[in-house]
Amino acid sequence: MTMQTMHPAVLLGAYGWEQSRMPADEFELRMKAAHDLMDANDWRALFVYGDAVEHRALGFLTNFIPRLRWAIAMLPRDATPRILLSVGQRDVPYMGAMTWIEDVHTGWTWDASFDPWFDEFCTREDGTVKIGLLGKDLMRREFLTALENSTAGRIEFERGDEIFAPLLSKKRPREMALISDAWRIVEAAADAMAQSWQGGSDAMHSAIEAERRARGLAAHDVRVLFSTDGGRTLVPFYGITEGRGDPMVAYIAVKYLGLWAESFVTIGDGAQQAKARAGAALGAMIAAAKPGVPVSEIADIALGHLAGSAAHPMIGANFGHAIGLSMTEAPEFTIDNSASLQSGNCYTLRFGISDEAVGCALVSAMVHITADGTQIIGRIA
Amino acid sequence: MIQATDKMETSALRRQVAAQRLQEEGLDALLAVASGFHSFLEPNLAFVLSDFKAIGDAAVIVRRDGSSTLIVTPGWDIERAAGGSTTDQTLAGDDLIDCIADCLSRDGINPSSMATDGIGLLGHAMSARLEDLLAGKAKPLDNLIRSLARCRSETEIARAEKATWIAERGYERLLEIARPGMREFELAADIYCHMKEIGGDDNFLLMSASQHNLGVRAAGERMLEKGDIILAEITPSFEGQFAQLCRTVVIGEKPDGYDETYAILQRAMQAGQAAAVPGVRMSEVAEIINGPFRDAGYGDYCRPPYMRVRGHGLGLTSNLPGDVAVTNDIELEEGMVFVMHPNQYLPETGYLMCGEPVVITPDGARALSSSRAEPDAVPI
């Protein structure tokens, strides 16, 4: 999916393994589910790759999140797992504390850390075996070549991303609790932004106050986009950006203990008509969001509410997506998408309008679809 | 060194050099691609050739006649891109490969008359699609742009100096607010946002503390205590130029012998700066930096895990000259910018940090910072 915010040079924040919120038994359950999928597909191991930008499956199965480069977990069906981190040997003990996997090595010495492990794996197996591979799309050529050179002729890789997608999409109770926590940080950040802007600060400094508040609440990652032109365009931090705009429209995304929450925020008195229309559209979209409803139906409702106005370019004709371990997960809420809302998943619904006559507005809400109905995780008025 | 003038931006000059290379190679166009990864240790080729930092994946097409097109993702960022890029044309869309295909088709550029740079820095999904589009016919010129940008222009050095100024303000802020009871991530959050307020658009900020550090890492949950030694690798970017300060601060009273031990790092830094002149190999500089440690009886510690490298290049322009390491034989050139840091673990004090961003001049490696690293302490 398209990257929507500027990725930072390093992921700041208090990364670790918070065992009070995500204890070892949670990973035992996740690995049990992974083993079931491995058995069903006749995989003797699962290799899971992630990098600092995208690490959904890696984080789910290992709790490890690369902050700068990459990591790969080798998870054999019936033997001790190993994880290789793209950090120097000096940093392995500290970084390794982020995962339940005890056999942690630097990935910088591939010949010493991958090959012996893989040789031993192959000696335990009988003949050519199959290994499930997650995250191949993220691998750079140099890494993929090293992996292929080390494994050629001895195993067969099978892409596992689609097979694992349902497991990653259905949010477990602990994940939903953390998404709710992440949402509360989003709300606190939005409050800080509003206080700063209403106190006379410009948009950039108000956006920084949002980030300061979120990071002070131990957010793992914070992404903010903001407008200085009444919400017509949103920009990332880059140098000094002057101007306030009215309304100030912003986007805030927060990751807390590996789970994301996000919201559009509108502050000020400007564009009330656009804001009202956007709010009505979002209300209708939320009301329609139920298990099994096609996402195209939600998109159709949104398109109807545009009523001749242009969609906001930041959203275009994509009126939502799933969210959780990644900031944007499939499906995109477009008119031609055949996917439907799944019970157990968490979604962002969003609507945007850009119209010279009524102004610009961007609104969103996060919802949890359950068999009993739709729970609104949060919606900033 | 490229001398950027008011009439021609650095990125435009680099495109001109790239176009000359195309003429020499008998090729029609260069496609330089970059992901939205924004590593501070790697060049972002689209940024180098356009002076625009895209949010997502991006590319620049340079044609033989010198004309150029920037393509950015996501599509909604078109207005910012068009306003910030120095290319002749700016396009935007949500799928980089589709946009590249459209552009090549529209311009009638045949892959067999093209060169590419940077495909290896993309993930497999993107690189495989691009290879399919080009049908294996384009000529890889990997590292062309990295090499073209190995020496910073005056404009870029000025930006690096501004980034250094921001880093120094960040360090001042650290000295101002660090206190026992504060958590590492709270301190990092404050100085990170402080630097953002004064123009730091990104920041590779590592900052951690311990009574006896083994290395520096990203801030965590640990609560600062009296007697902790805070290590800070403060690395803001200003308009795409990263600069890095390495600093060491004690909370409270300095331990016995701390200043004397830290002076070894300072001597190593001074020796490295004096040695780093144009024409010298980086490996020689690294050996000279190791000298004061050997002289003080710590020769056995001049290797991992007690240290990693004595410095390194900085993105987003070019990460050349690469690591300040005994294994790097690159010859230094005037205008190269990197961080020199004789950071070192010593048994008495633990890991200590001392480093400045430098630019190579005929007189040695000039620090971009206004003051040198000292064995600082925060009174409590």
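This tour visits two places in a predicted model, the meeting of two domains in chain A and a pair of helices in chain B.

Begin with chain A, and colour residues 24–169 as domain 1 and residues 173–379 as domain 2, following the domain assignment. If you place a marker at the C-alpha centre of each of these two domains of chain A, the markers will lie 34 Å apart. Next, turn to where the domains touch: eight residues of domain 1 of chain A are in contact with eight residues of domain 2 of chain A. On the domain 1 side of this contact, select α2 (56–62) and α7 (161–169) of chain A, each of which supplies at least two of the residues that touch domain 2. The largest share of that side, three residues, comes from α2(A). Colouring the domain 1 side by residue class should then show three nonpolar, two polar and three charged residues.

Now move to chain B and select helix α7 (residues 154–177) together with helix α8 (residues 184–197), whose axes come within 9 Å and cross at roughly 145 degrees. The crossing of α7(B) and α8(B) is right-handed.

To see which residues make this contact, show the side chains of B:Ile166, B:Arg169, B:Gly170, B:Arg173, B:Leu174 and B:Ile177 in α7(B), which meet B:Leu187, B:Asp190, B:Ile191, B:His194 and B:Met195 in α8(B). Coloured by class, the residues of this contact between α7(B) and α8(B) divide into six nonpolar, two polar and three charged.

How values were computed:
Residues are numbered from 1 along each chain as its sequence is written. Chains are lettered from A and ligands numbered from 1 in the order in which they are written. This is a predicted model: local features need pLDDT of at least 70, side-chain atom pairs count only at pLDDT 80 or more; totals for chains, interfaces and linings use all residues. Domain bounds come from an automatic or database domain assignment. Two residues are in contact if their C-beta atoms, placed from the backbone, lie within 7 Å. Helices (H or I, at least four residues) and strands (E, at least two) are DSSP runs, numbered from the N terminus. Ala, Val, Leu, Ile, Met, Phe, Trp, Tyr, Cys and Pro count as nonpolar, Asp, Glu, Lys and Arg as charged, and the others, Gly among them, as polar. Axes are lines fitted to C-alpha atoms, for helices over the stretch in contact, and angles run from 0 to 180 degrees between N-to-C directions. A crossing is left-handed if the near helix is turned anticlockwise from the far one by less than a right angle, and right-handed if clockwise.
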